[in-house]
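The following account leads the reader through one protein model, from its strand pairing to its helices and charged contacts. The sequence and the structure are shown first.

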Amino acid sequence: MIEIKNKMRSAVAHFEKELNSLRTSRANPSMLDSLFVDAYGTKTPLNQLGNISIQDASTITFQVWDASLIKSIENTITESNLGINPQTDGQLIRLPIPKLSEERRIEIIKIASEFAENSKIAIRNIRRDYIEISKNEKKESNLSEDELKRKLNEIQKITDNNIEKIDKILEIKKTDILKV
């Protein structure tokens with residue numbers, strides 16, 4: 001049961017990481033975690049090409065280490081779905097976080113809901129796999145009928161707890177997104 005808990009916990013953690021990449025009205029360096037820049041002949045995570053810091057509640061600054069990459073970094077940020085227009089000042093790129101329109105907030109909530117649904121599907125797939133393993137153990141006479149029922153109930157409880165966690169996290173994120 002420890003293995004199923006760990007797998008489901010990692011699905012919840014992945015969901016949280018995906019949510020952190022969504023833009024709200026506040027500057028958050030994790031918004032840039034999903035961005036990869038064509039640098040040195042390979043896709044490199046943006047956070048490995050400079051220092052990311054928060055200037056104020058609505059501005060992220062990115063101090064680029066290699067000036068030759070500034071254009072690539074600007075293009076990556078502009079082409080991302082973050083809706084941010086970078087402003088370059090030498091090797092410093094400022095990323096002003098614009099206030100979200102009501103339409104954009106609803107769009108972001110839909111994306112967050114999709115992330116939640118995908119995580120729930122992953123959790124249900126893990127449940128299905130472990131139910132199958134348990135039923136095979138029963139067929140091979142390694143489990144009694146009572147042990148199988150107990151194990152299936154425990155798998156369902158773990159699944160329900162993790163789906164509930166995802167729902168709670170999503171509600172918190174929705175509240176954060178809708179905050180003006």
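The model is predicted. A convenient place to begin is the hairpin of strands β5 and β6, in which two residues lie between the strands and Gly-90 adopts a positive phi near 70°. The two strands of this hairpin run antiparallel and are joined by three bridges, β5 comprising residues 87-89. Within this pairing, Thr-88 faces Ile-93 of β6.

Strand β6 also has a second partner. Residues 92-96, which form β6, pair with residues 59-64 of strand β4 in the antiparallel sense, and five bridges connect the two. One position in this pairing can be located precisely: Gln-63 has Leu-92 of β6 as its bridge partner. Strand β6 is thus bridged to β5 and to β4.

Another strand offers a view of a buried side chain and its surroundings. Thr-44 belongs to strand β2, which covers residues 42-45. With a relative accessible area of 11%, Thr-44 falls under the 20% limit and is therefore buried. Leaving aside residues up to four places away in sequence, Thr-44 touches Leu-35, Phe-36, Val-37, Ala-39 and Leu-49.

Attention now turns to helix α1. This helix contains 19 residues, numbers 2-20, for which a rise of 1.5 Å a residue predicts a span of 27 Å; the end C-alpha atoms are 27 Å apart, in agreement with that expectation. Which residues of α1 are buried? They are Ile-4, Met-8, Ala-11, Val-12, Phe-15, Glu-18 and Leu-19. Viewed down the helix axis, the buried residues of α1 fall within an arc of 115°, so they line one face of the helix. An α-helix has 3.6 residues a turn, so residues three or four places apart point the same way. The cover over the buried residues of α1 includes α3 (102-139) and α4 (145-178). On the other side of α1, Ile-2 and Lys-17 are exposed.

Helix α1 also carries a charged pair. Glu-3 and Lys-7 form a salt bridge whose closest N and O atoms are 3.9 Å apart. Both residues lie in α1, four residues apart, or about one turn of the helix. Lys-7 is partly exposed, its relative accessible area being 40%.

This pair can be set beside others, as the whole structure contains 13 salt bridges. Among them is a pair formed by the side chains of Glu-74 and Lys-71, with an N to O distance of 3.2 Å. These two residues are three apart in helix α2 (residues 70-79), so about one helical turn separates them. Is each partner buried or exposed? Glu-74 has a relative accessible area of 13% and is buried, whereas Lys-71, at 57%, is exposed.

A further salt bridge links Glu-117 with Arg-124, the closest N and O atoms being 2.9 Å apart. Here Glu-117 counts as partly exposed at 35% relative accessibility, and Arg-124 is partly exposed as well, with a relative accessible area of 28%.

Notes. Residues numbered from 1 in each chain as written. Predicted model: local features only at pLDDT ≥ 70, side-chain atom pairs only at ≥ 80, totals over all residues. Heavy atoms only, no water. Pairing = 2+ DSSP bridges. Expected span 1.5 Å × (residues − 1). Buried < 20%, exposed > 50% of the residue type's maximum accessible area, 1.4 Å probe, protein only. Arc of directions from axis to C-beta. Contact = heavy atoms within 4.5 Å. Salt bridge = Lys/Arg side-chain N within 4 Å of Asp/Glu carboxyl O.
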